[in-house]
Amino acid sequence: MIKLNVKYFKDLVCKMESKSPYFSPKKTRNFVKQKHTGLKETLQKKSAADGIKGETPSFVKSCVPEIKIGAIPKAPEHAEPKRRQRKKQIKVQSSPDRSSEVYYPEQRTPVKVDPSETVVSSSANENPFVVIKTEKESSAETDSAVKQTKWEPDNWRQTLENIRQMRQMMQAPVDTMGCDQFKDDENVPPITRRFHTLVSLMLSSQTKDQVNFDCMQRLRKHGLTPADIVATDVAVLEKLIYPVSFYKNKAKFIKQASQILLDTYNGDIPDTIEGLLKLPGVGKKMAHLCMRSAWNVVTGIGVDTHVHRICNWLRWVPKETKTPEDTRVALEKWLPFELWEEVNQLLVGFGQTICPASYPHCNECLNAAICPAKGKHGIRKTPIKKQIKKEELEF
């Protein structure tokens with residue numbers, strides 16, 4: 001067994017702690033304080049060694065040059081750092097006057113320019129990266145924007161002209177028994193004729209023109225003025241307008257509307273769409289048709305079931321519509337205004353004769369080659385029976 005001297009071991013450990021700065025944090029701080037003394041203590045030790053008291057030590061005089069009062073010492077040229085020399089070479093430019101000309105900030109990174117675009121810079125102050133397009137490209141963009149905003153169906157003018165020719169060759173019930181047939185009766189005052197047109201439109205909803213025409217003949221024999229309708233019992237009106245669809249509701253609506261006309265409009269009908277829509281039993285289709293027939297003012301397109309169906313079959317709407325009102329809004333966006341008055345009469349008669357809802361006569365239609373709906377709803381092979389007019393009869 002080897003015996004160690006405890007005192008010797010402690011002295012050895014203390015020497016290791018004093019010499020090694022990484023032995024412990026506490027010993028490290030003491031070691032730093034001992035080795036790195038302050039500047040004041042260093043000067044005092046040096047002055048004590050030289051035997052000088054109260055004067056500047058010799059080694060300080062050698063390091064610091066003598067400075068006279070009132071004189072500014074000049075630093076040697078070799079002592080100036082290189083960075084300051086570079087800063088002196090930079091010229092500071094004043095900010096441009098932004099009130100007089102347009103100021104473009106400097107762009108260090110270049111901007112990619114398409115070969116189809118031309119770069120124009122008239123002066124040095126202008127931005128060299130401002131792209132100015134040629135006149136051809138700008139005109140092409142405007143034309144494309146106009147085409148995108150105004151949608152039109154394909155071959156709609158040719159289709160409309162073919163429908164005109166077919167309507168001239170064949171007469172439809174709407175031509176002789178339509179709601180607007182009472183506007184030209186010279187034996188009736190104008191105020192009464194306008195009321196007849198309104199009543200005929202109110203009865204025409206979901207009713208064939210033949211049934212509506214017979215009903216109007218019975219009402220005219222009974223007496224068809226707002227005062228006569230108000231004085232007539234509802235049960236009597238129901239018998240007069242039967243077999244019109246929804247005849248009970250229509251009898252109530254006609255009597256209520258007649259009372260409103262007497263109280264508000266002195267027996268006449270309103271001359272605005274807003275006024276007509278306030279009457280019971282009057283919708284937007286009736287209001288637009290009444291303004292055209294009674295007041296000779298075109299305010300919109302009258303869209304019924306025939307116009308709604310045919311416009312969707314011919315794809316005269318951008319996308320398929322579910323209601324006649326949606327069809328009217330879509331149709332008025334692209335159809336020229338001068339055709340609004342004509343299109344209702346054309347399409348209604350076309351739907352009654354050649355293009356009915358079930359089994360249309362596609363073989364006899366002039367639009368068979370360009371119609372998108374040909375053959376999709378069945379084709380009737382039997383020819384159309386031509387209606388014989390009284391003028392064509394030979395005795």
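**Note on a predicted helical model**

1. Of the 395 residues in the chain, 32% are buried. The model is predicted, and this note should be read with that in mind. The chain holds 18 helices and two strands.

2. Two further totals describe the chain. Its accessible surface is about 28,400 Å², and carbon and sulfur atoms account for 54% of that area. Among contacts with a separation of 6 or more, 56% join residues that are 24 or more positions apart.

3. Helix α17 covers residues 324–334, and its buried residues are Thr327, Arg328, Ala330, Leu331, Glu332 and Trp334. Which helices do the buried residues of α17 pack against? They pack against α7 (156–169), α15 (284–294), α16 (305–313) and α18 (340–353).

4. Asn367 sits in the segment after α18. Is Asn367 buried or exposed? Its relative accessibility is 2%, which is under the 20% cut-off, so Asn367 counts as buried. Apart from neighbours within four places in sequence, the contacts of Asn367 are Gln158, Thr159, Asn162, Ile163 and Met166. Helix α7, given above as 156–169, is the stretch to compare with these contact positions.

5. Helices α9 (residues 190–203) and α10 (residues 209–222) pack with their axes 10 Å apart and at an angle of about 135 degrees. Angles over 145 degrees count as roughly antiparallel and those from 65 to 115 as roughly perpendicular; the angle here falls in neither class, and α9 and α10 are therefore oblique to each other. The crossing of the two helices, α9 and α10, is right-handed.

6. On the α9 side, the residues that meet α10 are His196, Val199, Ser200 and Leu203. On the α10 side they are Asn212, Cys215, Met216, Leu219 and Arg220. By class, this contact of α9 with α10 comprises five nonpolar, three polar and one charged residues.

7. Ser258 belongs to helix α13, residues 247–264. Because its relative accessible area is 0%, Ser258 is buried. Leaving out neighbours within four places in sequence, Ser258 is in contact with Phe195, Pro226, Ile229 and Val230. One of these, Phe195, has a position that lies in the residue range of α9, 190–203.

8. For checking against the coordinates, the two single residues to look at are Asn367, buried at 2% relative accessibility, and Ser258, buried at 0%. The helix pair to look at is α9 and α10, with an angle of about 135 degrees and axes 10 Å apart.

Methods
Residues numbered from 1 in each chain as written. Predicted model: local features only at pLDDT ≥ 70, side-chain atom pairs only at ≥ 80, totals over all residues. Heavy atoms only, no water. Helix = DSSP H or I, 4+ residues; strand = E, 2+ residues; numbered from the N terminus. Buried < 20%, exposed > 50% of the residue type's maximum accessible area, 1.4 Å probe, protein only. Contact = heavy atoms within 4.5 Å. Areas by Shrake-Rupley, 256 points an atom, 1.4 Å probe, with all protein chains shown as cover. Axes fitted to C-alpha atoms, helices over the stretch in contact; angles between N-to-C directions. Parallel < 35°, antiparallel > 145°, perpendicular 65-115°, else oblique. Left-handed = near helix turned anticlockwise from the far one by under 90°. Nonpolar A, V, L, I, M, F, W, Y, C, P; charged D, E, K, R; others polar.
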